[in-house]
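Please work through the exercises below with the sequence and the structure open beside you. Try each task before reading its solution.

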Amino acid sequence: GTLVACYVSKKAAFDSEEEEEYKGLDLLCEVAEEKQKEQAMKSKLDLDQGFLPVIEEVEGMLENNEITEADLREMDLTFCIPANGQLHELFPNGKETHVTLERLPEFIRLAKIKKREIESTL
């Protein structure tokens, strides 16, 4: 992405001993790096603040037998989770597969695994 292109340009400027261009690119790379870190933090917040509490609430309802098939239909959950501004499917065609009461434990388990996978890349 932008960060890689920035570092390639910076190395070329360094190799050609263009000091002013190198300094400018150095600053540009720092900005790109900060933007990348900001995006990663925003993604983590999307996961933690938006989606994770829903999963924890549903898990608690399941453990206490307080959730029905009608509740799940109303929530309109599918086998995918939001992060990085996009939906991550928990398995192929997951966004087409609605979560049923029977498959709710599987959904919770897969969502937690996918959350860990996404966080490990941040």
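The exercises that follow concern one helix and the salt bridges of this predicted model.

**Exercise 1.** Find how far helix α4 reaches from its first C-alpha to its last, and set that span against the expected one.

Solution. Begin with the limits of helix α4, which covers residues 104-120 and so has 17 residues. The span from the first C-alpha to the last is 24 Å, close to the 24 Å expected at 1.5 Å a residue. As a last step, look for the buried residues of α4, among them Leu104, Phe107, Ile108 and Lys114.

**Exercise 2.** Decide which parts of the chain are tied together by the salt bridge between Glu59 and Lys112.

Solution. First take the contact itself, in which the side chains of Glu59 and Lys112 meet at 2.9 Å, N to O, within the 4 Å that a salt bridge requires. Next place the two residues: Glu59 lies in helix α2 (residues 19-63) and Lys112 in helix α4, so the pair ties together parts that are 53 residues apart in sequence. Finally, Lys112 is partly exposed, with a relative accessible area of 30%.

**Exercise 3.** Work out how Glu117 and Lys114 are placed relative to each other in helix α4.

Solution. Start from the sequence positions, since an α-helix has 3.6 residues a turn, so residues three or four places apart point the same way. Glu117 and Lys114 are three residues apart in helix α4, about one turn of the helix. Their side chains meet in a salt bridge at 3.5 Å, N to O. Glu117 is partly exposed at 41% relative accessible area, whereas Lys114 is buried.

Methods:
Residues are numbered from 1 along each chain as its sequence is written. This is a predicted model: local features need pLDDT of at least 70, side-chain atom pairs count only at pLDDT 80 or more; totals for chains, interfaces and linings use all residues. Side-chain values use heavy atoms; hydrogens and water are left out. Helices (H or I, at least four residues) and strands (E, at least two) are DSSP runs, numbered from the N terminus. The expected span of a helix is 1.5 Å times one less than its number of residues. Buried means under 20% relative accessible area, exposed over 50%, partly exposed in between (1.4 Å probe, protein chains only).
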